[in-house]
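Biologist: I should like a close look at a single part of this model, namely one side of its sheet. Please state the cut-offs behind each term as it arises.

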Amino acid sequence: MKTFSLEGRMTLVVASSAIVGALVFAGVSIWPFPQMLAWMRAVPDKAGRLPVGGVVEPFDVSTALLICLLVLVPLAAAVAHALVEPLRRLMRALESAVASYRDGDFSMSIGTDRRDELGDLIRMHNALGQTLRDQRQHLAQRELLLDTVVQNTPVALVLTEPTGKVTYANIAARHLFNEGRSLAGLDFETVLSRMPQSLRDASAGGEDALFSVEMDGSEETFHLSQRGFRLQGRPHRLQLYRRMTRELSRQEVHTWKRVIRVISHELNNSLAPISSLSHSGAELARRGDLARLPGVFASIGDRAKHLHSFIAGYASFAKLPAPQAREVPWAAFLDALALHARFRMAAPPPEKPGWFDPTQVEQVLINLIKNAHEAGGEPDEVTLAVHQLGRDTLIEVADRGPGMSETVLSQALLPFYSTKRSGTGLGLALAREISEAHGGRIALANRDGGGLRVTLILPAGPP
């Protein structure tokens with residue numbers, strides 16, 4: 001409970017000031033100051049005695065007020081200093097505490113024995129400081145836990161600010177980009193300039209991508225995930241580089257097992273009817289019912305033809321010949337491709353001819369354009385673009401379908417992987433095989449606004 005509130009103290013001070021002012025004014029104008037002044041003005045007699053009695057004239061109002069001011073102003077200044085000095089010390093303490101809070105130091109508290117509103121404010125301030133200290137400690141523990149998890153994750157994480165400087169990089173990123181040394185404060189574009197071209201292209205694309213690079217004498221496959229967000233009011237860019245080589249190897253073994261099951265299932269679906277029809281044909285021949293034998297043989301032929309076409313698709317992939325690369329004029333090649341597939345050119349083709357096997361690359365593009373149409377977007381949004389980028393030729397097939405999820409994107413280049421119920425998975429696998437046979441590679445990336453972009457990267461000329 002408050003002993004004296006600020007309002008009560010102010011009332012007491014004002015009332016005391018009024019009483020003191022009235023007493024001083026009465027003392028100066030009525031009694032005893034006029035009598036003392038008259039006594040001091042009296043002339044003593046020969047014996048040195050002061051006169052007794054006499055009339056004392058009071059001071060006029062202006063003189064009395066002037067004397068009151070001369071007496072009360074110094075007294076008021078002294079009393080005001082005595083009253084305000086504790087408040088001034090308290091304000092300085094509060095300013096210091098607020099400045100410490102602004103600098104992130106919540107350890108300061110203010111001691112007081114006041115029992116008024118200011119005392120309540122100081123106690124609330126101290127309680128706030130304790131709450132902030134507890135929250136700061138809790139956040140520090142959580143940040144330590146999060147930093148430990150992020151630093152020890154196998155995914156290389158790089159956070160850059162708008163100027164391209166690296167703000168944060170974990171241990172995996174330091175080993176991937178800077179031989180284990182710190183990346184903080186470095187220009188990420190300069191760091192990427194020492195990396196393989198495929199990694200630089202994927203990073204510059206600004207989209208999720210799957211790409212392969214040559215590192216330490218072996219091929220490593222990475223999945224890149226990029227996100228933009230605002231941190232402390234400034235745009236930042238987060239890049240996650242995940243090694244997919246081991247996962248792809250495991251998935252490849254799993255895929256081969258799935259392919260074997262598919263082939264076995266297809267063989268059983270064809271050979272079982274053929275065996276049954278052969279037995280039925282033999283039985284009809286034994287009975288002499290020759291009229292029904294042509295139908296039996298026709299059914300056997302249909303099943304054998306279906307089985308042959310199914311096996312031929314896998315055999316053509318397994319027996320893919322080495323590419324016979326040569327100079328190919330782009331205008332003639334694209335005109336021939338337009339006879340087999342429907343697409344829209346996103347940009348004029350380069351004047352310099354390409355260097356590839358036209359038969360194999362045409363088959364790859366037919367498959368990719370077919371997949372783009374089957375993705376579900378608008379047919380007019382299926383585009384083809386050819387670009388010359390240094391020593392590489394980039395052939396991009398893009399659509400406006402739903403794109404690929406991260407799971408599908410990470411497995412799309414596996415041999416015989418397919419999301420179609422009846423698909424054989426030869427499309428992207430064939431594209432990967434042909435691009436690598438040409439000394440190039442293939443990359444997949446989701447597009448802004450929806451859709452998928454498949455980039456076939458081929459050498460621009462002979463080695």
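Modeller: Burial is judged by relative accessible area, with a 1.4 Å probe and protein chains only: a residue under 20% is buried, one over 50% is exposed, and one in between is partly exposed. The model is a predicted one, in which local features require pLDDT of at least 70 and side-chain atom pairs count only at pLDDT 80 or more, whereas totals for chains, interfaces and linings take in all residues. Numbering starts from 1 along each chain as its sequence is written, and side-chain values rest on heavy atoms, with hydrogens and water left out. Helices (H or I, at least four residues) and strands (E, at least two) are DSSP runs, numbered from the N terminus.

The setting is an open sheet of 10 strands with mixed pairing, in the order 2-1-5-4-3-11-12-10-9-7; two strands count as paired if DSSP finds at least two bridges between them. Its edges are strand 2 (166-169) and strand 7 (344-345), each of which pairs on one side only. The part described here begins at strand 7 and proceeds inward through strands 9, 10 and 12, in keeping with the order of the sheet.

Strand 7 runs parallel to strand 9 (residues 383-389), and two bridges join them. Met-345 has Leu-384 of strand 9 as its bridge partner. Helix 11 (residues 358-374) packs on the sheet, where it touches strand 9, strand 10 (392-398) and strand 12 (452-459). The direction of helix 11 makes about 30° with that of strand 10; such axes are lines fitted to C-alpha atoms, for helices over the stretch in contact, and the angles run from 0 to 180 degrees between N-to-C directions.

A salt bridge also involves strand 7. The term denotes a side-chain nitrogen of Lys or Arg within 4 Å of a carboxyl oxygen of Asp or Glu, and the structure holds 10 of them. Arg-344 forms one with Glu-381, their closest N and O atoms being 3.8 Å apart. Because Glu-381 lies in the loop between helix 11 and strand 9 while Arg-344 belongs to strand 7, the pair ties together parts 37 residues apart in sequence. Both partners are partly exposed: Glu-381 has a relative accessible area of 32%, and Arg-344 one of 40%.

Arg-344 appears again in the surroundings of Thr-383. Thr-383 is placed in strand 9 and, at 9% relative accessibility, is buried. Leaving aside residues up to four places away in sequence, Thr-383 is in contact (heavy atoms within 4.5 Å) with Arg-344, Ala-346, Glu-396, Val-397 and Ala-398.

The next neighbour is strand 10, which pairs with strand 9 in the antiparallel sense over seven bridges. Within this pairing, Ile-395 of strand 10 faces Val-386. The two strands form a hairpin with two residues between them, in which Gly-390 adopts a positive phi near 65°. Strand 10 itself is mostly covered, with seven of its seven residues buried. Asp-392, Leu-394, Glu-396 and Ala-398 point one way from strand 10, while Thr-393, Ile-395 and Val-397 point the other way. This may be set beside a general rule: in a regular strand, side chains alternate between the two faces of the sheet.

On its other side, strand 10 pairs with strand 12, again antiparallel and over seven bridges. Val-454 of strand 12 stands opposite Val-397. A salt bridge accompanies this pairing too: Arg-453 and Glu-396 bring their closest N and O atoms to 3.8 Å. This pair links distant parts of the chain, Arg-453 being in strand 12 and Glu-396 in strand 10, 57 residues apart. Arg-453 is partly exposed, with a relative accessible area of 21%, whereas Glu-396 is buried.

For reference, a further salt bridge lies outside this part, where the side chains of Glu-161 and Arg-234 meet at 3.8 Å, N to O. Glu-161 is in the loop between strand 1 (156-160) and strand 2, and Arg-234 is in strand 5, so that distant parts of the chain, 73 residues apart, are linked. Here both residues are partly exposed, Glu-161 at 22% relative accessible area and Arg-234 at 40%.
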